[in-house]
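User: I'd like to learn how to read a few features of a protein model. Can we go through them one by one?

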Amino acid sequence: MKKLLIFAICAFVGVACAPRTEKSADEKTPREIAGEYLLKDYDPVSIFNVPVTLVDRAKYGVIDMHSHDYNDADPEKIAAWVKTMDECNIRHTHVMHCEWIGAPFEESIAAYGKYPDRFSVWCSLDYTDIEAEDWEERAKAHLDRCKALGAFGIGEMVDKGLGDVYARPVKGTHIHLDHPKMQSVLEYAGKLGMPISIHVGEPIWMYEPIDLHNDGLMNGANWAVDTTVEGCYDYDGVMECFVNAAKAHPNTPFIACHYLNMSHDWERLGKILDECPNVYVDISARIGESAATPRATRRIIEKYADRIFYGTDNGTSADMYRFTFRILETADEHIYQPDFGYHWAYSAFDLPDKVLRKIYYENAEKFIKKYKN
């Protein structure tokens with residue numbers, strides 16, 4: 001028996017230590033094969049046997065506080081959208097008006113006005129001849145007119161660094177919230193009871209060097225903000241500008257879109273919400289960022305559950321809505337969703353019912369009741 005054991009060991013060692021056969025000239029090593037792929041083309045398929053929970057309808061009737069006129073006020077497309085909303089349990093949608101998408105404001109307000117229980121429309125500021133002495137009065141008169149037509153609020157305003165370039169009919173390039181002429185207009189919006197929905201900055205990756213150390217490299221490259229352009233604020237600059245405006249106009253409500261683009265720094269966002277009681281946030285278009293850190297995200301959502309609105313900002317498809325429900329409602333893990341452009345996997349938040357109700361509709365109902373015409 002002892003001899004047999006020694007023989008077996010020697011045989012194993014002989015196999016394990018046998019010299020490898022030479023590979024052919026055209027044969028590549030696994031490392032060489034992997035090196036041929038580009039990060040932008042990375043499209044992994046999960047190997048984990050973990051739950052996959054599909055949520056066809058939101059657990060509670062939803063008020064979407066951030067969408068757009070993706071349909072260019074087309075009656076048939078709007079009717080189809082209403083059908084999708086019914087299928088997914090979306091009770092009401094707020095349609096942001098801006099330069100880059102949608103019909104002129106008057107056309108949008110008329111088209112969506114046919115469904116007063118299903119849609120609310122927001123307007124842009126008019127920056128025409130802002131350097132003229134009478135601009136502030138004209139801007140206020142424009143808000144009076146839009147409100148009379150049915151506008152709920154002002155939005156989506158934006159400042160990624162170059163000012164309110166989403167505005168219509170004239171872009172507010174280089175017009176930041178700290179512009180002297182903006183102060184009386186921001187104050188007037190509060191007096192009119194017109195909330196301001198504003199997109200401040202972008203995710204931090206868009207401001208960092210586009211190199212191998214950039215954590216969100218692919219999206220960072222696609223949406224990079226060139227802060228070397230004259231008059232462009234950097235990330236901290238646009239955030240400081242926004243916070244100063246919110247503090248200077250405490251009676252004007254601000255909804256900071258996309259978690260205020262602070263998914264990388266929840267502590268900083270929490271501090272701003274503590275200092276600025278007139279600031280709210282929506283969760284729109286930041287699933288990819290927030291679901292990368294599900295436990296930290298859940299903590300901030302639960303802590304500030306009364307200040308957070310549901311929003312999408314990603315079109316009108318049923319699949320889009322259903323994916324947001326999956327992230328908010330389930331405990332699913334390691335989810336790949338290439339539509340959002342990141343190379344990491346997401347994990348869901350498994351929010352408690354009390355918090356879901358607030359985000360899905362309770363917070364919005366209180367807000368709408370306070371500021372509706």
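User: Which hand does the crossing of α3 and α12 have?

Analyst: Two packed helices are described by the angle between their axes and the distance between the axes. In this predicted model, local features need pLDDT of at least 70 and side-chain atom pairs count only at pLDDT 80 or more, while totals for chains, interfaces and linings use all residues. Residues are numbered from 1 along each chain as its sequence is written, and side-chain values use heavy atoms, with hydrogens and water left out. Now your case: the crossing of α3 and α12 is right-handed (the near helix is turned clockwise from the far one by less than a right angle; anticlockwise would be left-handed). Helices here are DSSP runs of H or I with at least four residues, strands are E runs of at least two, and both are numbered from the N terminus.

User: What angle do α3 and α12 pack at, and how far apart are their axes?

Analyst: α3 (residues 75-88) and α12 (residues 318-329) pack at about 30°, with axes 10 Å apart. Axes are lines fitted to C-alpha atoms, for helices over the stretch in contact, and angles run from 0 to 180 degrees between N-to-C directions. That makes α3 roughly parallel to α12 (under 35 degrees; over 145 is roughly antiparallel, 65 to 115 roughly perpendicular, the rest oblique).

User: Which residues of α3 and α12 make the contact?

Analyst: Contact means heavy atoms within 4.5 Å. From α3 come Trp-81, Thr-84, Met-85, Glu-87 and Cys-88, and from α12 come Ala-318, Tyr-321, Arg-322 and Phe-325.

User: Which residues have the most contacts inside the largest nonpolar core?

Analyst: In soluble globular proteins, nonpolar side chains tend to be buried together. A nonpolar core is a set of buried Ala, Val, Leu, Ile, Met, Phe, Trp, Tyr and Cys residues joined through side-chain atoms within 4.5 Å. The largest one here has 109 residues, and Phe-242, Tyr-310, Phe-325 and Tyr-360 have the most contacts inside it. Helix α13 (residues 353-371) gives the most to this core, with nine residues.

User: Where does Lys-59 sit?

Analyst: Lys-59 is in the loop between α2 (30-34) and β1 (62-68). With 47% relative accessibility, Lys-59 counts as partly exposed (buried is under 20% relative accessible area, exposed over 50%, partly exposed in between, using a 1.4 Å probe and protein chains only). Leaving aside neighbours within four places in sequence, Lys-59 touches Asn-89, Glu-329, Asp-353, Leu-356 and Tyr-360.
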